[in-house]
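Trainee: I would like to go through the labels used for this model and check what each one rests on.
Mentor: Go ahead, one label at a time.

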Amino acid sequence: MTAASREILGRFIVLEGGDGAGTTTQLRLIGEALTRAGAAHWITSEPTANPEGLLIRRILSGELAREPGTLARLFAADRNEHLRGDGGILDRIGRGETVVCDRYVLSSLAYQGVACGMALPAELNSGFPLPELLIYFDLPPEQSLGRLGDRERLDIFEELSFQERVRSAYLEALALLSSSGMRILRIDASRSVAEVSRDILGAIGETLGLSLGDDVR
Ligand code: TYD
C-alpha cells in the first residue's frame with residue numbers, strides 16, 4: 001500500500017520518539033488540557049495492558065527470549081486489538097472521543113525496522129489507519145537515555161547504539177509517510193517541559209479546533 005492511499009483517522013493523535021524522549025509527561029499534560037477544555041478523550045498507550053501487551057512486556061524486560069519476527073507480530077496483534085477490539089480506538093473515535101496514544105505504527109517501523117528489517121513491520125502494519133496528527137519527539141539518544149536515569153533494569157532496547165539506529169529509522173519512516181496526508185510535527189524534545197507542551201497543545205488545539213492553553217503544572 002502506498003503512503004498516499006492510507007486511511008487517516010480523524011481525532012486520533014499519536015506521540016512517538018525514542019526511549020526517554022518525554023512522551024509520558026506530555027501525555028499527562030495533554031490529558032489535563034483536554035479535560036480543562038471539556039473535550040471527551042481517551043489517553044492510551046502501546047504496548048497495551050491487554051494480555052498481548054503484557055506478553056510483550058515480558059519479552060522487553062528480557063524475562064522471555066523471543067525471535068525479533070515474533071515480537072514484530074506480537075506488536076501488530078496488540079495494535080489490532082487496541083484499534084479494533086471492543087472499547088478500542090475505533091469505538092472511542094466513533095463515539096466522538098479524541099484518542100491520544102503513546103506509540104503506534106511508527107514505533108514498529110522504527111524499532112522492529114532495526115531489530116528485523118523494515119519489510120516485515122511495514123507489511124504487518126500496512127492495514128492500520130494513520131493518525132490525523134503525529135508528534136515526533138526528537139532527542140539525541142545520549143540525552144534521552146540519560147533521562148532514564150538510574151533505573152535498576154533497562155529494557156532490551158534501551159541501549160545507546162540501538163537507540164541511535166532507532167532514531168535514523170524513525171526519520172526514514174517519517175520521510176516515507178510524509179505524503180500520507182497525516183500531519184507530522186517534529187519537535188525538539190531537548191527543551192523544557194513547558195516549551196514542549198506549548199508547541200504540542202498548540203498543534204493539538206489547531207487540529208481539533210479547540211483552544212487548549214498551556215497551563216503546565
Ligand atoms: P515505552 O512506551 O517506552 O514503555 P515504558 O516507558 O513504559 O518503558 O515502550 C516500551 C518499548 O516498546 C519501547 O522501547 C519501544 C518498544 N516498542 C516497539 O519496539 N515496537 C512497538 O510497536 C511499540 C508500540 C513499542
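Trainee: Why is Glu 206 called exposed?
Mentor: This is a predicted model, so the value is computed from predicted coordinates. Glu 206 has a relative accessible area of 58%. The cut-off for exposed is over 50%, so Glu 206 is classed as exposed.

Trainee: What makes the pair Glu 206 and Arg 183 a salt bridge?
Mentor: The closest N and O atoms of Glu 206 and Arg 183 are 3.3 Å apart. The rule asks for a distance within 4 Å, so the pair counts. This salt bridge links distant parts of the chain: Glu 206 is in helix 9 (residues 193–208) and Arg 183 is in strand 5, 23 residues apart.

Trainee: Which class does Arg 183 fall into, by its relative accessibility?
Mentor: Arg 183 comes to 33%. Buried needs under 20% and exposed over 50%, so Arg 183 is partly exposed.

Trainee: How do you know that Glu 63 and Arg 58 form a salt bridge?
Mentor: By the distance between their closest N and O atoms, 3.0 Å, set against the limit of 4 Å. Glu 63 has a relative accessible area of 52%, which makes this residue exposed. Arg 58, at 36%, counts as partly exposed.

Trainee: What is the distance for Asp 199 and Arg 191?
Mentor: The closest N and O atoms there are 2.9 Å apart, and the pair forms a salt bridge. Asp 199 is partly exposed at 35%, and Arg 191 is partly exposed at 26%. By this rule the count comes to nine salt bridges. In addition to such pairs, Arg 92, Arg 95 and Glu 97 are linked in a network of salt bridges.

Trainee: Why is Asp 102 not given a salt bridge?
Mentor: The nearest side chain of opposite charge, Arg 103, is 5.0 Å away. The limit is 4 Å, so Asp 102 has no salt bridge, although it is buried.

Trainee: With which side chain does the side chain of Asp 102 make a polar contact?
Mentor: With that of Thr 23, at 3.0 Å; the cut-off is 3.5 Å. Asp 102 lies in strand 3 (residues 98–102). Beyond its sequence neighbours up to four places away, Asp 102 touches residues including Leu 15, Leu 27 and Thr 44.

Trainee: What makes strand 2 and strand 3 a pair?
Mentor: Five bridges join them, and they run parallel. At least two bridges are needed, so the two strands pair. One bridge partner of Ile 43 is Val 100, in strand 3.

Trainee: In what order do the strands of the open sheet come?
Mentor: The order is 2-3-1-4-5, with parallel pairing. Strand 2 (41–45) and strand 5 (183–188) each have a single partner strand, so they stand at the edges, with one side of each left without a neighbour in the sheet. Neighbouring strands are turned by 20° against each other on average, direction ignored. Helix 1 (residues 23–36) packs on the sheet, touching strand 1, strand 2, strand 3 and strand 4.

Trainee: Which side chains of strand 2 are buried?
Mentor: Trp 42 and Thr 44, which point to one face. His 41, Ile 43 and Ser 45 point to the other face and are not buried.

Conventions
Residues are numbered from 1 along each chain as its sequence is written. This is a predicted model: local features need pLDDT of at least 70, side-chain atom pairs count only at pLDDT 80 or more; totals for chains, interfaces and linings use all residues. Side-chain values use heavy atoms; hydrogens and water are left out. Helices (H or I, at least four residues) and strands (E, at least two) are DSSP runs, numbered from the N terminus. Buried means under 20% relative accessible area, exposed over 50%, partly exposed in between (1.4 Å probe, protein chains only). Lys and Arg count as positive and Asp and Glu as negative; His and the chain ends are not counted. A polar contact is a pair of N or O atoms within 3.5 Å; within protein, one must be able to donate a hydrogen and the other to accept it, and residues adjacent in sequence count only if both atoms are side-chain atoms. Contact means heavy atoms within 4.5 Å. Axes are lines fitted to C-alpha atoms, for helices over the stretch in contact, and angles run from 0 to 180 degrees between N-to-C directions.
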